[in-house]
Each structure stands twice: as C-alpha cells, then as structure tokens.
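Reader: I am new to this structure and would like to be taken through it. Could we look at it together?

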Amino acid sequence: MDQMNRVAAAGDQNVWADQIRIGIRAMRLKQSLLGMAFGASLLALGACEMFQPATPPAPQIEADAGDVVDDREIVVLARTSASALSLMQKSAARGYALKYREELEDLDLVLLVLTIPANMRGDAAIRELESLEPGVSAGVNHAYHVPSPGAGATAGGGRDYAGKLLEWPAGGCRADLTIGIIDAAVDTSDPGLAGVSISARDFTGGGQPGSDHGTVTAKILAGGGRLSGVRLQAAAVVSDHRMARAAAGVDSIVRAIDWMKGGGVRLVNISLAGPYNKILDRALSAAIAKGMIVIAAAGNTGPTSPPRYPAAFDGVIAVTAIDVERRIYDGAVQGEQIDFAAPGVDVFVPAGTGGRYVTGTSIAAPFVAARIAADPNIASARTSADAIRALARSAQDLGAAGRDAVYGYGLPALGGHCTP
C-alpha cells in the first residue's frame with residue numbers, strides 16, 4: 001500500500017512538473033524562432049487566429065521536408081468558408097489548382113488541398129498562401145508511416161505476456177463506448193473480430209496497400225479476451241502515393257479526425273508516426289480542445305531520433321514499447337514527450353489456430369487505449385490531461401524514479417479497474 005501511495009503521489013507531482021516543462025519548452029521554442037525567417041513564415045497567422053503552433057526547430061523541419069506523399073501538394077486549413085473561398089480565388093490567380101475542398105464541420109475548419117505552380121518550392125508556397133489570406137494555416141502534405149506488424153507465423157497458441165504485464169483478466173473487460181482507429185484498413189470480416197461492432201470508412205480514395213496493421217490494432221483493442229461491448233470506428237488512411245508507399249497523408253488524417261469528432265468518438269488511437277506538421281497540429285488541437293483523447297505511437301526510428309508526431313503534440317498521449325522483461329524496445333523514439341510504456345515487443349496476435357509475433361510502438365499504443373477504455377473513471381475524463389494524470393497515479397515506474405524520457409510514467413497496469 002505504501003508503494004502504491006508513493007506511485008500515486010509521484011504521478012501527480014510528475015504530471016504537474018511535466019506541464020510546467022512543456023510550457024517552458026514551448027515558450028523557448030517560440031522565442032528562438034521569432035528571429036528566423038523560415039520559422040516566422042510558419043508562425044504567420046492572422047491576429048484573430050487563436051491557434052499557435054508548437055513548432056520544432058527549423059533544422060528538424062528542414063530535415064523532414066522531403067517526407068511527403070506528394071511534393072506538389074499544399075494542405076490548407078481556413079477558419080471559415082468565406083476565408084477559404086477568398087484564398088481559392090486569390091491562389092487561382094497565381095497559378096495554384098484546387099484538388100479538393102472539404103468542410104470540416106465538427107472541427108469548425110475548412111480543408112483545401114492545392115497543387116502548387118510549376119517551379120515553386122513547398123516552403124515558398126506556404127509563405128505565399130499564408131500572406132494571401134490572414135488566419136489560414138498552410139503546410140506540405142507530410143507522410144505518416146505504419147510499420148509492417150512483423151512476420152513469422154507460429155503454430156498453436158503462442159506466448160502471450162501482454163495480458164500478464166497489464167494485469168488484464170483472462171475474460172476481458174467490458175467497455176460501453178466507441179474507440180476510433182486511424183490506421184490502415186480494418187478487415188471487418190476477420191474471424192478474430194467476430195461479433196465486434198465496427199463502422200469503417202475509406203479516406204484514401206482507393207489504392208490501399210496490403211497492410212493488415214489496422215486489423216491487428218483492432219484485435220488488440222477488441223479481440224478475444226480484451227474489450228467486450230466496445231464499438232470501433234475505423235478510418236482507413238494508409239495508401240500508396242506518388243512519393244510514399246503505405247503511408248497516410250495529412251489531409252486523410254485530418255478528415256478522419258473530423259469524422260471521429262462528428263461521430264461522438266472521444267477516444268482515438270493513431271498508430272502512425274511522422275514529421276511535425278502545422279496542419280495536423282491545428283486539427284488535433286481543435287479536436288483535443290473539444291474533449292477528444294488521442295493516443296499515439298511514439299515512433300520506431302530509434303532513441304536518437306527527433307520526436308515523431310502526432311505522439312509529440314501537446315495533449316496527445318505518447319506510448320512507447322517494452323518487452324516481456326519490461327525493457328525498452330531498442331527501436332523506440334525517446335524524449336520528454338513519452339507518457340507511458342506498454343507491451344510492444346514480440347506481442348502474440350492470434351489468427352485462426354495460430355498467429356504471429358508483432359513488434360513496435362504502434363502495437364503498444366492500442367494497449368494503452370484499451371486500458372483507458374476499461375476504466376470508466378479514466379474513459380470519462382474531460383481532457384487528455386485528466387486522463388494522463390489518472391493513469392500516472394497507478395502506473396508502475398520502470399526507469400529512473402518518476403517520469404523519464406525512456407518510459408514516461410511507466411506501465412499503466414489495470415490493477416483491478418475493470419468491469420467483467
């Protein structure tokens with residue numbers, strides 16, 4: 001009991017300390033970027049715009065500049081239909097072509113995807129578009145990748161340690177709510193999802209690759225022995241593009257977020273990772289401000305990698321991966337953005353009479369989403385900060401005392417907080 005009390009106290013103190021660190025870090029970043037021409041262009045928003053991007057240093061942005069689905073596309077968010085129409089007219093006069101426009105009614109934003117004129121770079125297009133219409137945000141169409149969920153089919157039941165680490169009951173937990181999945185397409189006919197209520201929508205326009213990552217994510221959430229009574233709202237955003245295979249563009253993810261919000265989904269899992277993007281930052285900020293709790297994979301590009309997004313956005317719950325011995329996955333991104341650790345190394349996923357082992361932070365993230373959904377007190381949290389604070393109270397500290405850059409607050413084991 002004393003140990004549990006110490007963990008709870010440490011959780012509260014670390015959450016508040018982390019909020020202070022985040023505020024200081026954001027302030028320093030903004031101050032350091034004010035004098036940079038490139039950074040200033042990224043922060044160029046109208047005086048009436050309340051959104052302020054937490055932009056990383058310019059060298060990181062430049063290093064990720066080529067990680068896009070199409071280098072001829074610019075994605076724009078406008079606050080109103082009138083502003084969007086004004087930009088469409090002004091940009092057309094300068095040689096931009098409108099690919100499509102969509103009203104994001106539940107985020108109170110308007111999405112435009114434009115093709116930039118020949119011989120113009122993306123950064124120049126961003127500066128020009130934001131100068132043409134105050135209050136809009138423009139950005140390249142970055143690529144967000146989903147790793148292959150592993151290989152190596154096994155016979156029989158396999159070794160399944162995840163439930164033991166999470167203190168998950170063999171019969172599973174009941175969760176009367178909807179969880180959103182923004183991922184590759186979910187195979188709703190998979191026998192491992194029999195009886196699960198799934199609403200699915202394709203945001204790729206076709207051409208989906210053969211990845212079953214979305215199906216694996218759904219099984220971790222609602223497969224046998226996990227969550228019963230749960231409903232899944234699955235957005236397929238991963239497809240092949242001109243410059244990226246098996247990736248999701250910013251525009252598809254943003255449209256999926258709006259669909260989730262319109263369907264009343266408050267808990268969303270995004271097992272994708274990629275560069276900082278101002279458009280995604282703005283859309284998620286709007287959704288989180290309206291009460292959405294977002295869980296995301298920290299990324300698999302290694303401990304020396306810069307932060308990967310959306311996990312590194314403020315308000316998003318960033319999840320890293322551990323193995324059966326509670327050791328960190330050697331491919332996991334590390335940093336002060338990490339919130340929790342969950343099983344994600346050689347996790348057994350059943351399939352028919354056998355199955356296979358899968359690895360990655362994208363596998364760990366849905367375990368944390370399931371943990372939140374299983375506990376009504378956390379699932380009903382009004383904000384993501386409240387959810388983080390509640391999870392931190394019961395998390396098992398795995399690294400240095402308190403929150404750290406490797407494990408975050410640690411492993412959020414269930415600890416009996418479950419309705420059978």
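Author: What follows is a short conversation about the overall make-up of the protein and some of its parts.

Reader: Before we begin, what kind of model is this?

Author: This is a predicted model.

Reader: How many helices and strands are there in the protein?

Author: The protein contains 12 helices and 18 strands.

Reader: And what share of the residues is buried?

Author: Of the 420 residues in the protein, 56% are buried. The protein exposes about 16,600 Å², and carbon and sulfur atoms supply 53% of that area.

Reader: What part of the contacts comes from residues 24 or more positions apart?

Author: Counting contacts with a separation of 6 or more, 77% are between residues 24 or more positions apart.

Reader: Let us turn to a single helix. How far does helix 8 reach?

Author: Helix 8 covers residues 250–262, which makes 13 residues. From its first C-alpha to its last it reaches 18 Å, close to the 18 Å expected at 1.5 Å a residue.

Reader: Is helix 8 mostly covered or mostly uncovered?

Author: Helix 8 is mostly covered, with 11 of its 13 residues buried. Among them are V250, I253, V254, I257, W259 and M260, and the buried residues also include D251, R255 and D258.

Reader: Which residue with a positive phi follows helix 8?

Author: That residue is G264, with a phi near 75°.

Reader: Now the strands. How do strand 17 and strand 18 run?

Author: Strand 17 (residues 347–351) and strand 18 (residues 354–358) run antiparallel and are joined by 5 bridges. V347 has V358 of strand 18 as its bridge partner. The two strands form a hairpin with 2 residues between them, and G352 in the turn has a positive phi of about 65°.

Reader: On to the rings. How many aromatic pairs are there?

Author: The count comes to 6 aromatic pairs. Y276 and F313 form an edge-to-face pair, 5.7 Å centre to centre with 65° between the planes.

Reader: Why does that pair tie together parts that are apart in sequence?

Author: Y276 lies in the loop between strand 13 and helix 9, and F313 lies in the loop between strand 14 and strand 15, so the pair ties together parts that are 37 residues apart in sequence.

Reader: Are Y276 and F313 buried or exposed?

Author: Both Y276 and F313 are buried. Together with Y309, these residues form one aromatic cluster.

Reader: Lastly, what lies over the face of W168?

Author: R226 lies there, at 5.6 Å from the ring centre.

Definitions and conventions
Residues numbered from 1 in each chain as written. Predicted model: local features only at pLDDT ≥ 70, side-chain atom pairs only at ≥ 80, totals over all residues. Heavy atoms only, no water. Helix = DSSP H or I, 4+ residues; strand = E, 2+ residues; numbered from the N terminus. Buried < 20%, exposed > 50% of the residue type's maximum accessible area, 1.4 Å probe, protein only. Contact = heavy atoms within 4.5 Å. Areas by Shrake-Rupley, 256 points an atom, 1.4 Å probe, with all protein chains shown as cover. Expected span 1.5 Å × (residues − 1). Pairing = 2+ DSSP bridges. Phe/Tyr/Trp six-rings, centres within 6.5 Å; stacked < 30°, edge-to-face > 60°. Lys NZ or Arg CZ within 6 Å of the ring centre and 35° of its normal.
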